[in-house]
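Work through the following exercises on the pockets and the ligand of this model. Each task is followed by a solution in steps.

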Amino acid sequence: MQIYKVGGAVRDRLLGKPVTDIDWVVVGATTEEMLAKGFRPVGADFPVFLHPKSGEEYALARTERKNGRGYGGFIFHASPDVTLEEDLIRRDLTINAMAEDDQQNLTDPYHGQRDLEARLLRHVSPAFAEDPLRVLRVARFAARYAELGFTVAPETLELMRQLSESGELEALTPERSWKEIARALMEDQPQVFIEVLRECGALKVLMPEVDALFGVPQPEAHHPEIDTGVHTLSVLEQAALHKQPLTVRWACLLHDLGKGLTPEEEWPRHIAHEHKGLKLIKAVNERFRAPKDCQELALLVGKYHTHGHRALELKPSTLLELLQSFDVYRRPQRFEEFIAACEMDARGRKGLEQRSYPQADYLRGAATAARSVAVQPLLEKGFKGPELGEAIKGERLKALKAYKEAAPA
Ligand code: ATP
Ligand code: MG
């Protein structure tokens, strides 16, 4: 049997990037031989093994054939007579379809190295169209390598366009899509992921609510960039620049969905867009079965981001409602993430990226003030049950009034 390094490990070494996980392909071996060498079998659909010591993935060279919709619609064929070239041709991009032996000799039948130099994300063969997940993967790689100057080859973009129109994207499972979306949002330029999806028409299928924001104007006084889609991309870009976690990035992407519902007669104003957007945010959340913390934060940011911007003008009672809605007493981190998302929203505007955001510290101070109310003295006064709740609220309100009065105007 011959063993080769494949995929990302070869690509990233040639790019001079750090290699984190290594995938291997094994040519000329049977499952029995692998087991005899102590490899542990994984993967239900095709023969993949874990190395007994390193734990890295070793896959038998295989071919695949499409005979139905979705990922389940593949027939895999792995046997000792499948060649390295046959295995590589089923891969998504030419830069991912190179293999390397233990002497660093490169096998590159589909010219991945040439495309690396040309900074092109290009599909290996027309079979690319057989797995719609590849549309998301290409957009994700475009986001990851944008800073190196990579773009999607025109003919690949065309294939992605056809795939998006064919209805195949709808066959993707929420789990597979979410994994790609989450990884893409955590790249340094996640806005490129959304841009590429939009360019090939996949955004309209996957997240029509986000796609609908492009072409929707906002008041120039607050939004010099005017376009709501452009604004959304900038907010996402700011979130990445500020190294925000996935929860915040997800909330940034979805915070303004309500603006896509504003009747044209009302443009460029978007009255009550926060509230109107909630059902859209919920729909996108559920479509991809986003993790609970992502779902929650996106809904809260959607509902309250304008409160965040107006923090210094809020009445103490409104501030209190805000803090209560976030359950800031038990979930301080979530409120921090809300503040971060608001700040990214404020900075994701043309020419305003460097502005200060005094609302952030003001909100933190308010949370501290409300949290400082001690429950023990109220218990000692004999408050119980619902009355205790009301008494705590009353004290918190007093604390917030004092906080607001003391705050520099
Ligand atoms: P990363 O750095 O994100 O891990 P990677 O290229 O190693 O990038 P993996 O998902 O680990 O990506 O997959 C390893 C290799 O398997 C890829 O380089 C590619 O050759 C192939 N591959 C993975 N998923 C697909 C797919 N859906 N369609 C075609 N080829 C794929
Ligand atoms: Mg990998």
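**Exercise 1.** State how much space lies in the largest pocket and describe its lining.

Solution. The model is predicted.
- Volume: the largest pocket holds about 1,600 Å³ of space.
- Lining: 47 residues line the largest pocket, and Asp 23, Glu 57, Arg 137, Arg 140 and Arg 183 lie nearest its centre.
- Class: the lining divides into 26 charged, 15 nonpolar and six polar residues.
- Elements: H5 gives the most to this lining, with seven residues. Others that supply at least two residues include H1, strand E2 (23–27) and helix H7 (174–185).

**Exercise 2.** Locate ligand 1 and describe its surroundings.

Solution.
- Site: ligand 1 sits in the largest pocket.
- Elements: helix H1 (8–14) and helix H5 (133–145) are the elements that give two or more residues to the shell around ligand 1. H5 gives the most, with five residues.
- Class: the shell has 12 charged, three polar and one nonpolar residues.
- Contacts: polar side-chain atoms lie 3.1 Å (Arg 91) and 3.2 Å (Arg 140) from an oxygen atom of ligand 1. For Asp 131, a side-chain N or O atom is 3.0 Å from a nitrogen atom of ligand 1.
- Cover: the protein covers 82% of the 580 Å² of accessible area that ligand 1 has on its own.

**Exercise 3.** Describe the second largest pocket by volume and lining.

Solution.
- Volume: the second largest pocket has about 520 Å³.
- Lining: 22 residues line this pocket, and His 222, His 223, His 273, Thr 306 and Arg 349 are the closest to its centre.
- Class: nine lining residues are polar, eight charged and five nonpolar.
- Elements: H15 gives the most to this lining, with three residues.

Technical notes. Residues are numbered from 1 along each chain as its sequence is written. Chains are lettered from A and ligands numbered from 1 in the order in which they are written. This is a predicted model: local features need pLDDT of at least 70, side-chain atom pairs count only at pLDDT 80 or more; totals for chains, interfaces and linings use all residues. Side-chain values use heavy atoms; hydrogens and water are left out. A polar contact is a pair of N or O atoms within 3.5 Å; within protein, one must be able to donate a hydrogen and the other to accept it, and residues adjacent in sequence count only if both atoms are side-chain atoms. Accessible areas come from the Shrake-Rupley method with a 1.4 Å probe; for residues, only the protein chains shown count as cover. On a 1 Å grid over the protein atoms alone, a cavity is a set of points where a 1.4 Å probe fits but cannot get out, and a pocket is an open set with protein on both sides within 12 Å along at least five of seven lines; lining residues have an atom within 4 Å of a point. A molecule sits in a cavity or pocket if more than half of its atoms lie within 2 Å of its grid points. Helices (H or I, at least four residues) and strands (E, at least two) are DSSP runs, numbered from the N terminus. Ala, Val, Leu, Ile, Met, Phe, Trp, Tyr, Cys and Pro count as nonpolar, Asp, Glu, Lys and Arg as charged, and the others, Gly among them, as polar. Grid points are joined across faces, edges and corners, and a volume is the space filled by probe spheres set on the points.
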